[in-house]
Amino acid sequence: PEMRRNMQYTESERLFEASKKCIPGGVNSPVRAYQAVHRTPVFVERASGSHIYDVDGNAYIDYVCSWGPCILGHAYLRVIKAVQAACENGLTYGAPTGKELKLAELIRSCIPSMEVSRLVSSGTEATMSAIRVARGFTGRDKVVKFRGCYHGHSDGLLVKAGSGALTQSVPDSKGVPADYTKNTLVAEYNQPDSVQKLFETQGKEIAAIIVEPVAANMGVVLPEPGFLEFLRKITEDYGALLIFDEVITGFRLGIGGAQGYFHVTPDLTTLGKIIGGGMPVGAYGGRKEIMDMVAPVGPVYQAGTLSGNPIATTAGIETLTILKETPEIYTQIEASARTLAEGMRGHFGESVCVNQIGSLMSIFFTAQKVKDYETATSSDISRYADYFNYMLDHQIYLAPSQFEAMFVSAAHTAEDIAQTCEVLRGYGR
Ligand code: PMP
């Protein structure tokens, strides 16, 4: 976009003040409120390709990409056209369609461990349901999660969560009875010993480990070599299931997700974001023997009025088909992210840690190597806020929190990346 001097945000400010009167904090998801960066959120008017446009007429290069779904960029024509055509046939039926079969087959063809999968409408539902299945299948109650990993806002998983819950320092939400979380055990990401200890003492009661194979809700934290393999082995040894929460990494790290990338196969996988192509879709799945627990085949109940919605599945099918047909996309978005990461490292030097894998990345304002929750939270969040504000005022739209990922899409051009690096070079260190 053309660079604007003295950007105005008056219409966003007006809408935010009005929204605060009838929506909690003015937003429908907490991190959108920009609390961590102390300013009024930008209200979006529309988006196209790599850009979003706000209600004051400002254009931005967007590295939030709706928190992951928009891997092809915004308003990708083929997806939009397919959705428009699908709308003509009705928005929902509450009855099975061939589209649901097609999406399930597409998912299985890319992620073979998802032999049987069930569609839901959000990532939260996917993880909540996967855990219910794991408990039903093993007959055990306890679940291990990692500090700083976020798996949606269901009661039992809102313990030491990441994302907005981390930014706002309320890792444990009010309104969640202690009885709901007493079966949630918390381990440290990338620290096998912490997992080992839990299994040594309670191994026979543990139904599953749930993990983001690449943590992306405490900023992006890569698994250390051997960590995922360790989780695979210890769950097998104790008869527990391994659940990969691939809501972010699925179809993001590659067509086979994180499990394809690292060659570690979980028992159950949860998906969201990209598989809906911008519409609300989630999925959970695994081996038939496990998924046979799910109603109406088995005794684990899970349902949804809008599950497998025809419009949402249309957007998902188109998006996954394009990704499958165009493997170069992954090479391109990874190269873009690498260029950005190198630009950041070059500019800030040793005073920051930039973690990048595929098209996922984060900059941490710490001199430490960020490899777990403790090192992630050593980042100076006031420096992040200052950096965020500078970038936004120079038309670069980043996550308004340290503890989120930066997403690169196929719509980001070499010029977008170069312009981003140029803005960065103008930021004082
Ligand atoms: N799991 C992970 C890894 C996520 O990042 C998120 C959301 N960012 C969720 C689950 C929850 O998904 P949703 O917001 O669609 O409920």
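**Exercise 1. Place the lysine that UniProt lists as a modified residue, and decide whether it is buried or exposed.**

UniProt's unreviewed entry lists Lys273 for "modified residue: N6-(pyridoxal phosphate)lysine"; such annotations may be inferred rather than shown by experiment. Before going on, note that this is a predicted model, where local features need pLDDT of at least 70, side-chain atom pairs count only at pLDDT 80 or more, and totals for chains, interfaces and linings use all residues. Residues are numbered from 1 along each chain as its sequence is written.

Step 1: Lys273 sits in the loop between strand E9 (268-271) and strand E10 (282-286). Strands are DSSP runs of at least two E residues, and helices are runs of at least four H or I, both numbered from the N terminus.

Step 2: count neighbours. Lys273 has 27 other C-beta atoms within 10 Å, so Lys273 is buried (20 or more is buried, 12 or fewer exposed, in between partly exposed, with C-beta atoms placed from the backbone).

Step 3: leaving out residues up to four places away in sequence, Lys273 touches Gly68, Pro69, Gly123, Val247 and Ile248 (contact: C-beta atoms, placed from the backbone, within 7 Å).

**Exercise 2. Work out which residues of H15 are buried and what they pack against.**

Step 1: Asp416, Ile417, Thr420 and Leu424 are the buried ones in H15. Seen down the H15 axis, they fall within an arc of 100° (taken over directions from the axis to the C-beta atoms), so they line one face of the helix.

Step 2: that buried set packs against strand E3 (59-62), helix H12 (328-348) and strand E13 (396-397).

Step 3: on the face turned away sit the exposed Ala414, Glu415, Ala418, Glu422 and Arg425.

Terms used: Contact = placed C-beta atoms within 7 Å.
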